[in-house]
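Please open the model in a viewer and keep the sequence panel at hand. The tour below proceeds by selection, with a note at each stop on what is to be found there.

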Amino acid sequence: MLKRRLSEYFKFLKSLMRTNRLLLWGMWKLTKLPQPAITVFGGSRVPLEGKAAQDARKIGYMLAREGFSIITGGGPGIMDSANMGAIEYVSENLKFCKLNGEERCKPLFISAGINLIKLNKERTNPYVQDNIITGHFFARKWLLVRYSVGFVVFPGGFGTMDELFEIITLIQCNRMSKVPIVLMHKDYWAPLELWIRTRALENNLINPEDINIISITDSVEEAVNIITARSRTHAESVLQDETTKR
C-alpha cells in the first residue's frame, strides 16, 4: 500500500516539476513582451477569409498601433488573424524607420503565442514572434491571463467559452482586477447574453453589476476604444494605489 502511494506521489512530483519548468520558462519569455498587452481569444476553426477572422486581423493591427502587444493561443483561425494584424504593424513600422534613415531601427517584438504540446500540431501560427509551449491547459490559460490588461473574445467553441468564463469568474470573485472584456459579433453572443439576463440574473445566481463585466459589439473601432480607455484607466488606478501605499 505504502509502496503504491509513494510511486503515485513521485510520479505526480515528476510531472509537477516538468509543468513548473515550462511555466517558469513561459513567464520568463513573456517578460520581454512590451506592456501593456491584450489577449485575443477565438475559435481555431474560424476560416481566415470570414468576417470574424478579418475583424481579428484589424483589431490586432489597431491595438498594436495603439501601443499594445498581442497575445493569443498560438493556433490557427482567430489566433492566426490577430497575430497577423500585429505583424503587419511591425512590418509597417520597420519600413517607416528605414524610409526615414534610422539605421538602428529594430523590429518590434509585440506578437506572442502560448501553445500547448500536441495542440494545433497540424498547423503552426506563422505570425507569432515567440511561440511559448506549455504542457497543460491550466498553465496555458494562466499565461494567457497573467500579463494582459484586457481581452477581446471572438466566436469560438468550448475552449473559447472556458477561457471567457474563467476570466469573468476571476473578476466576479475579486481575484482579478476589473479589466475590459470585449465580445465581438453580437449575433453570436446574443443567446448567451439573453441567458445571462433571463436565467442567471432572474434566478439571483449573479449580481446585476456582473453583467457589466463584459461588453458586446460589432464594431472593431468601438472594441479598440473600449480596450484603450478602460485599460488606461485601470493602469492609472493601479499607479495611484501603489503611490498611496508608499
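Begin with the aromatic side chains: a search of the whole structure, which is a predicted model, finds four aromatic pairs. Select Tyr-61 and Tyr-89 for one of these pairs. Their ring centres are 6.0 Å apart and their planes stand at 75°, so the arrangement is edge-to-face. Colouring by secondary structure shows that the pair links distant parts of the chain, with Tyr-61 in helix α2 (residues 51-65) and Tyr-89 in helix α3 (residues 78-99), 28 residues apart. Tyr-61 and Tyr-89 are both buried.

Next, select Tyr-188 and Trp-189. Here the ring centres are 5.0 Å apart and the planes meet at 85°, so this pair too is edge-to-face. Are the two partners buried or exposed? Tyr-188 has a relative accessibility of 37% and therefore counts as partly exposed. Trp-189, with a relative accessible area of 1%, is buried.

Two further rings are worth displaying together with a charged neighbour. Select Lys-32 and Phe-109: the charged end of Lys-32 sits over the ring of Phe-109, 5.0 Å from the ring centre. Then select Arg-146 and Tyr-147, where the charged end of Arg-146 sits over the ring of Tyr-147 at 5.1 Å from its centre.

Remain in this region and display the second largest pocket, whose volume is about 340 Å³. Which residues lie nearest its centre? They are Val-145, Arg-146, Tyr-147, Ser-148 and Met-176, out of a lining of 15 residues. Helices α4 and α5 (158-172) each supply at least two of the lining residues. The greatest contribution, five residues, is that of α4. Colouring the lining by class gives eight nonpolar, four polar and three charged residues.

From the pocket, move to Val-149, in the loop between α4 (137-146) and β5 (151-153). The relative accessibility of Val-149 is 17%, below the 20% limit, so the residue counts as buried. To see what surrounds Val-149, select Pro-36, Ala-37, Ile-38, Phe-68, Val-179, Pro-180 and Ser-231, which Val-149 touches when residues up to four places away in sequence are not counted. For one of these partners, Phe-68, draw a C-alpha to C-alpha distance: the separation from Val-149 is 9.5 Å in space, against 81 residues in sequence.

Another partner of Val-149, Pro-36, merits a stop of its own. Pro-36 is placed in the loop between α1 (2-30) and β1 (37-41). Select Gln-35 as well and inspect the backbone: the peptide bond joining Gln-35 and Pro-36 is cis, with omega about 0°. Most peptide bonds are trans, and most residues other than glycine have a negative phi.

Two residues show the corresponding departure in phi. Select Asn-174 in the loop between α5 and β6 (181-184). Its phi is positive, near 60°, in a residue other than glycine. Asn-174 counts as exposed, since its relative accessibility is 64%. Now select His-185, in the loop between β6 and α6 (186-201). The phi of His-185 is likewise positive, near 85°. His-185 is buried, however, with a relative accessible area of 12%.

Return to α5, and select Thr-160 within this helix. What does Thr-160 contact beyond its neighbours within four places in sequence? The partners are Phe-41, Gly-42, Gly-43, Val-153 and Phe-154. Thr-160 is buried, having a relative accessible area of 4%.

Finally, clear the selections and view the whole chain as a cartoon. The secondary structure comes to seven helices and seven strands. Followed along the sequence, these elements give the pattern α-β-α-β-α-β-β-α-β-α-β-α-β-α. Colour by accessibility next: of the 246 residues in the protein, 46% are buried. As a last display, show the contacts between residues at least 6 apart in sequence; 75% of them join residues at least 24 apart. The pair with which the tour began, Tyr-61 and Tyr-89, can be revisited in this view as a link between helices α2 and α3.

Note on methods:
Residues are numbered from 1 along each chain as its sequence is written. This is a predicted model: local features need pLDDT of at least 70, side-chain atom pairs count only at pLDDT 80 or more; totals for chains, interfaces and linings use all residues. Side-chain values use heavy atoms; hydrogens and water are left out. Rings of Phe, Tyr and Trp (its six-membered ring) pair if their centres lie within 6.5 Å; planes under 30 degrees apart count as stacked, over 60 as edge-to-face and the rest as tilted. Helices (H or I, at least four residues) and strands (E, at least two) are DSSP runs, numbered from the N terminus. Buried means under 20% relative accessible area, exposed over 50%, partly exposed in between (1.4 Å probe, protein chains only). A charge sits over a ring if NZ of Lys or CZ of Arg is within 6 Å of the ring centre and within 35 degrees of the ring normal. Contact means heavy atoms within 4.5 Å. On a 1 Å grid over the protein atoms alone, a cavity is a set of points where a 1.4 Å probe fits but cannot get out, and a pocket is an open set with protein on both sides within 12 Å along at least five of seven lines; lining residues have an atom within 4 Å of a point. Grid points are joined across faces, edges and corners, and a volume is the space filled by probe spheres set on the points. Ala, Val, Leu, Ile, Met, Phe, Trp, Tyr, Cys and Pro count as nonpolar, Asp, Glu, Lys and Arg as charged, and the others, Gly among them, as polar.
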